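Here are some short exercises to work through with the structure open beside you. Try each task on your own, then follow the solution step by step.

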Amino acid sequence: MCGIIGYTGNDNAKEIIINSLSALEYRGYDSAGMSLFTDNGISTVKTQGRVSELRKKASVHFPENTFCGIGHTRWATHGKPSETNAHPHGTDNVMIVHNGIIENYKELKKEFDDSLFYSDTDTEVIAKILDKEYEETHDPIKSIINTHKRLKGSYALGIIFSDIPGTVFALRKDSPLLIGTGENGMFIASDISAFLKHTNKYIRLEDGDTAMITKDSVRIFDTDGNEKSVKHETAQRNADEIQKGGFSHFMLKEIFEEPDVMKDTFSSITKDFLPDFSETISDDSFFADIGTIHIVACGTALHAGLMGKYFIEKLAKTPVTTETAGEFRYSEPILRANDMAIIISQSGETADSLAALRMLNEKNIRTLSVVNTQGSTIAEESEKVIYTLAGREIAVASTKAFNVQCEVLFILALKIALVKNTLTSDETKNILHSFSTVFSNSIPSILKNTAPFEKAAKILSECNNAFFIGRGYDNYLGQEASLKLKEITYIHSEAYAASELKHGTISLIEDGTPVIAIATDKKFFEKMRSNIEEVKSRGAVIISVCCEDADIIKEISDCVITLPSEPSYCHPFSAATAIQLLAYYTALEMGRDIDKPRNLAKSVTVE
Ligand code: G6P
């Protein structure tokens with residue numbers, strides 16, 4: 001999704017802003033632009049497409065001695081991707097970059113003559129209002145606050161005024177914005193990765209606050225214009241995580257990191273093979289007397305939530321609903337005082353998940369978030385947080401984060417089971433002991449032999465449609481597998497409970513249609529075989545992802561991806577790695593832009 005960078009300091013602003021925009025590319029975008037102060041005032045360059053194009057344009061357009069400016073990667077919401085709609089937007093007096101959506105932009109535009117607008121964005125009107133306010137008040141802070149009071153929606157803004165060279169202003173409401181404080185200058189950014197190369201010290205801008213930064217000062221004002229004290233924080237992230245480390249794609253690198261990040265996460269929430277969340281949840285009463293658990297998330301995290309439902313219901317015998325956050329927040333969920341909500345999010349900034357969390361907080365439901373990004377808004381606003389230790393995930397398609405989300409939910413299910421006495425300590429220890437082989441043996445052994453994935457990828461890369469079938473948790477994994485395939489290959493695919501395909505969709509099966517059968521739960525092998533026969537007899541080509549002992553599945557499959565022999569609770573996790581590799585190698589075969597698939601954003605900060 002859109003990315004913001006702003007810089008003011010002693011170094012070359014052109015280079016810093018372009019490099020920061022490159023660091024933001026992973027978020028997903030379709031155009032980019034930047035405005036810098038030059039000897040002749042503010043100058044702007046924009047492009048549709050990649051930052052590499054902007055770099056070429058900027059190198060000839062701007063002089064070398066620039067010291068302050070703002071930049072943006074745009075993920076189109078209002079108005080198609082184009083150079084005109086790319087940010088920054090503005091007037092002769094003010095230029096802005098904007099993340100988020102202005103809901104009342106049509107109404108606000110009515111105050112101005114239509115002919116004054118050159119773009120289709122909801123952003124341009126902010127600049128017009130700000131310009132007018134500044135002309136009236138001659139005070140940048142007042143004009144920003146007055147503008148803020150007129151806007152509805154979510155927004156993070158980076159602003160420069162042509163008559164205040166060397167100063168960058170920022171405003172935040174419901175869209176993340178950080179201020180980086182470096183020795184050679186100051187930054188504003190939607191995401192720490194934009195300035196992490198220069199500094200890991202930052203200040204989090206709070207909702208409604210306006211910031212004014214110069215090369216050696218940061219001042220923050222509340223909505224009444226009162227100056228606030230600033231809280232400095234230090235990021236633990238390592239800039240090396242942004243390197244591919246010899247892998248051809250971040251996605252592959254991140255899949256290969258799964259054994260390590262699962263081990264780290266395991267160590268952080270277990271002790272002597274028993275669940276231990278005491279670092280963040282000191283009192284077991286948090287898990288006591290739970291009525292229903294409501295899991296809320298989006299995308300891949302939602303699929304982890306479905307796995308969580310399976311684990312919690314099976315192990316802790318507690319009812320679970322799993323719902324996509326965008327629906328949950330507008331539905332009228334039946335919530336009881338003793339219910340618990342779990343919000344899952346890799347970024348911790350997904351707009352719908354955050355809104356659902358806020359709704360749950362208002363209703364006094366106990367909230368627990370499972371988040372990968374330290375200090376993110378969802379983590380900050382939840383009653384309790386469990387961090388997944390996946391490290392930085394750069395590829396748009398989420399992989400390692402999914403595995404550790406499932407892992408945390410699995411161990412959480414064991415914790416609730418212990419508190420509810422549906423499992424004994426000894427049983428739990430045994431389960432966790434065998435589970436730990438997934439990261440010490442199973443996933444590493446899958447990663448050693450990628451040949452079966454490459455073979456299956458050849459079949460998939462030649463099709464336009466594919467279907468995934470599975471039963472129980474394999475059905476949930478099928479949904480994630482289908483999403484992965486769609487995201488990075490653009491092959492249309494659908495996932496069905498194996499029992500359901502014949503209630504309509506089987507009409508789409510014809511000669512050569514690939515059906516990927518996920519069969520890792522022994523209890524369903526025979527049923528799965530019957531379902532496979534049903535589609536095979538109508539011409540489907542069967543790719544199966546199954547366990548070593550699933551002979552009755554293997555013998556009717558055209559292509560087999562075999563998971564290592566392992567204790568049953570390991571299967572969902574090693575199968576997750578397998579379906580990610582399947583999507584990866586198919587996209588590779590098709591020559592897709594794997595880490596930056598079209599139209600997608602890593603962190604969806606608008607609803
Ligand atoms: C986007 C990403 C997905 C991700 C989803 C939820 O759609 O492309 O990979 O699963 O958002 O993101 P979150 O950060 O909340 O897990």
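**Exercise 1. The ligand's polar contacts**

Find how far an oxygen atom of the ligand is from a polar backbone atom of V396, and decide whether the pair counts as a polar contact.

*Solution.* Keep in mind that this is a predicted model.
- Step 1: The distance from a ligand oxygen to a polar backbone atom of V396 is 3.4 Å.
- Step 2: A polar contact needs N or O atoms within 3.5 Å, so the V396 pair at 3.4 Å counts.
- Step 3: Look for other backbone partners. For Q346, a polar backbone atom and an oxygen of the ligand are 2.7 Å apart, and for T300 a backbone N or O atom is 2.9 Å from a ligand oxygen.
- Step 4: Consider the cover. On its own the ligand exposes 390 Å², and the protein buries 91% of that.

**Exercise 2. The ligand's surroundings**

Work out how many residues surround the ligand and which are the closest.

*Solution.*
- Step 1: Counting around the ligand gives 13 residues.
- Step 2: The closest are S345, Q346, S347, T350 and A601.
- Step 3: Link this to the first exercise: Q346, one of the closest residues, also offers a polar backbone atom 2.7 Å from a ligand oxygen.

**Exercise 3. Describing a helix**

Compare the reach of helix α8 with the expected value, and say whether α8 is mostly covered or uncovered.

*Solution.*
- Step 1: Helix α8 runs over residues 299-316, which makes 18 residues.
- Step 2: From first C-alpha to last, α8 reaches 25 Å, close to the expected 26 Å.
- Step 3: As for cover, 15 of the 18 residues of α8 are buried, and the helix is mostly covered.
- Step 4: Just after α8 comes K317, with a positive phi near 50 degrees.

**Exercise 4. A pair of rings**

Classify the aromatic pair of F311 and F573, and find which helices hold the two residues.

*Solution.*
- Step 1: The structure has 22 aromatic pairs. In the pair of F311 and F573, the ring centres are 5.9 Å apart and the planes are at 0 degrees.
- Step 2: Planes under 30 degrees apart count as stacked, so this pair is stacked.
- Step 3: F311 belongs to helix α8 and F573 to helix α19 (residues 571-589), 262 residues apart, and the pair links distant parts of the chain.
- Step 4: Check the burial. F311 has a relative accessible area of 1% and is buried; F573, at 2%, is buried too.
- Step 5: Widen the view. Ring pairs join F311 and F573 into a cluster with other residues, among them Y310, F410 and Y569.

Technical notes
Residues numbered from 1 in each chain as written. Predicted model: local features only at pLDDT ≥ 70, side-chain atom pairs only at ≥ 80, totals over all residues. Heavy atoms only, no water. Helix = DSSP H or I, 4+ residues; strand = E, 2+ residues; numbered from the N terminus. Expected span 1.5 Å × (residues − 1). Buried < 20%, exposed > 50% of the residue type's maximum accessible area, 1.4 Å probe, protein only. Phe/Tyr/Trp six-rings, centres within 6.5 Å; stacked < 30°, edge-to-face > 60°. Near = heavy atom within 4 Å. Polar contact = N/O pair within 3.5 Å; in protein donor to acceptor, adjacent residues only side chain to side chain. Areas by Shrake-Rupley, 256 points an atom, 1.4 Å probe, with all protein chains shown as cover.
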